[in-house]
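Me: Please give me a close look at the covalent cross-linking in this protein, if there is any, and at the sheets and packing around it. I would like one connected account rather than a list.

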Amino acid sequence: AAGSAAVVNVSISLNAIDFAPSALRFDFYAAPAIAHFFPTGGPARGGSFVQFTGAEFLPDLKGASEPRCRFGELATVAASVGTDAVMACRTPAADAPSTVALEVSLNAQQFTAAGQTFVTYLEPSVSALSPPQGPTGGGTRVVVSGGSFGLPARTSDFRCRFGTAEVVATYLNDTALACTTTPLPAGDYCVEVSLNNQDFTS
C-alpha cells in the first residue's frame, strides 16, 4: 500500500492578514526510512545499481515526487521508486576510492539521516588462473590471480563467473581469490570476478 501523506492548501499574504485564494497544494508525507541496501560498495567508475528496501518511499502525493540518492560529497542522483518499500539508483563516478554517506530523499531537499555508508573501490583485475582447466563435471578449485581484491568485510561479496555461470569466491589476499567450478559443457570460458556480486571485471 502507498505510504501516508496529507495535503493542505497554500495561500500567500503581503500583510500577514489578508490571504489570497490559491489552487496550490502542498503535500506533507511521513519521512522515508532505509532498512537495507545492496550492494554496499561498487567500483569507483560508477554505474552500480543500488537497491534500497525500507518504508514510506511511495507516499500518496498529489504533486510529483522527486526521489534522489545522495552519495556524500560525490553527487546527488535521480532515483526510481518501485513500491512503498523499494527504491533504486545508479552510483556516480568517484575520482578515488572512498567511503561516503548514503541517504535518500523524496523531494530532492530533505534527506534521511540513517548513517549508512557506501564504499567505492579500485576496479579489480584478473591476470592468471591456476589451474586453467578442469573436467566438465565441475569441482575444480581455481585460484584467480589479479589485483585490487581487498575490501572491508562489510562490503565484500566475492564471485567468480565462468562464462555466464556464477559461483561464490573466497578471498585469499589482495591479489588472489579462490572459487570452485560448476558443471559446464566442454569449451573455453572467460573467467571474471566481482567484489560486490554485481559488477564484474571485463
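**Disulfides in their sheets**

Reply: In strand S17, the residue that stands opposite Ala-169 is Cys-179. The model is a predicted one, and this pairing of residues offers a way into one of its two disulfides. Strand S16, residues 165-173, and strand S17, residues 176-180, run antiparallel to each other and are joined over four bridges. They are part of an open, antiparallel sheet of six strands, whose order is S13-S14-S17-S16-S15-S18. Each of its edge strands, S13 (125-130) and S18 (191-194), has a single partner strand, so one side of each has no neighbour in the sheet. Direction ignored, neighbouring strands here are turned against each other by 35° on average.

Within this sheet, Cys-179 forms a disulfide with Cys-160, the two sulfur atoms being 2.4 Å apart. The torsion about their S-S bond is about -95°, so this disulfide is left-handed. Cys-160 belongs to strand S15 (residues 159-162) and Cys-179 to S17, so the bond ties together parts that are 19 residues apart in sequence. In the sheet order, S16 stands between S17 and S15. Both Cys-160 and Cys-179 are buried.

What becomes of Cys-190? Its sulfur has its closest cysteine sulfur in Cys-160, at 14 Å, which is too far for a bond. Whereas Cys-160 and Cys-179 are buried, Cys-190 counts as exposed because its relative accessible area is 58%.

The other disulfide joins Cys-69 to Cys-89, with an S to S distance of 2.2 Å. Its S-S torsion is about -110°, so this bond is left-handed as well. It links distant parts of the chain, Cys-69 in strand S8 and Cys-89 in strand S10, 20 residues apart. Are these two cysteines buried or exposed? Cys-69 is buried, since its relative accessible area is 0%; Cys-89, at 3%, is buried too. When the bonded cysteines are numbered in sequence order, the pairing of the protein reads 1-2, 3-4.

The sheet around Cys-69 and Cys-89 is again open, but it has eight strands and mixed pairing, in the order S5-S7-S10-S9-S8-S11-S12-S6. Its edges are S5 and S6 (41-43), each of which pairs on one side only. The average turn between neighbouring strands is 30°, direction ignored. In the strand order, S9 stands between S10 and S8.

On one side, S10 pairs with S7 in the antiparallel sense over five bridges. Across this pairing, Phe-52 stands opposite Met-87, and Gln-51 stands opposite Ala-88. On its other side, S10 runs antiparallel to S9, to which four bridges join it. Here Cys-89 itself is the bridge partner of Ala-79.

S9 and S10 also form a hairpin, with two residues between them. Asp-84 is found in the loop that connects these strands. With a relative accessibility of 17%, Asp-84 counts as buried, because the limit for burial is 20%. Its side chain reaches the backbone nitrogen of Leu-58 at 3.0 Å.

How does the packing relate to this region? The largest nonpolar core contains 16 residues, and Phe-52, Cys-69, Phe-71 and Leu-102 have the most contacts inside it. At least two residues of this core come from each of S5 (33-38), S7 (49-55), S8 (68-71), S9 (75-83), S10 (86-90) and S11 (98-105). S11 provides the largest share, three residues. Cys-69 is thus one of the residues with the most contacts in that core as well as a partner in a disulfide. Beyond its neighbours within four places in sequence, Cys-69 is in contact with residues including Phe-52, Ala-79, Cys-89, Leu-102 and Phe-111. Three of the names met above thus return here: Phe-52, the residue opposite Met-87, and Ala-79 with its bridge partner Cys-89.

A separate core, of 15 residues, lies apart from this one and includes Val-167, Ala-169, Leu-177 and Val-193. Ala-169 thereby leads back to the opening pair, as the core residue that stands opposite the disulfide-bonded Cys-179.

Notes: Residues numbered from 1 in each chain as written. Predicted model: local features only at pLDDT ≥ 70, side-chain atom pairs only at ≥ 80, totals over all residues. Heavy atoms only, no water. Core = buried A, V, L, I, M, F, W, Y, C linked by side-chain atoms within 4.5 Å. Buried < 20%, exposed > 50% of the residue type's maximum accessible area, 1.4 Å probe, protein only. Contact = heavy atoms within 4.5 Å. Pairing = 2+ DSSP bridges. Axes fitted to C-alpha atoms, helices over the stretch in contact; angles between N-to-C directions. Disulfide = S-S within 2.5 Å. Polar contact = N/O pair within 3.5 Å; in protein donor to acceptor, adjacent residues only side chain to side chain.
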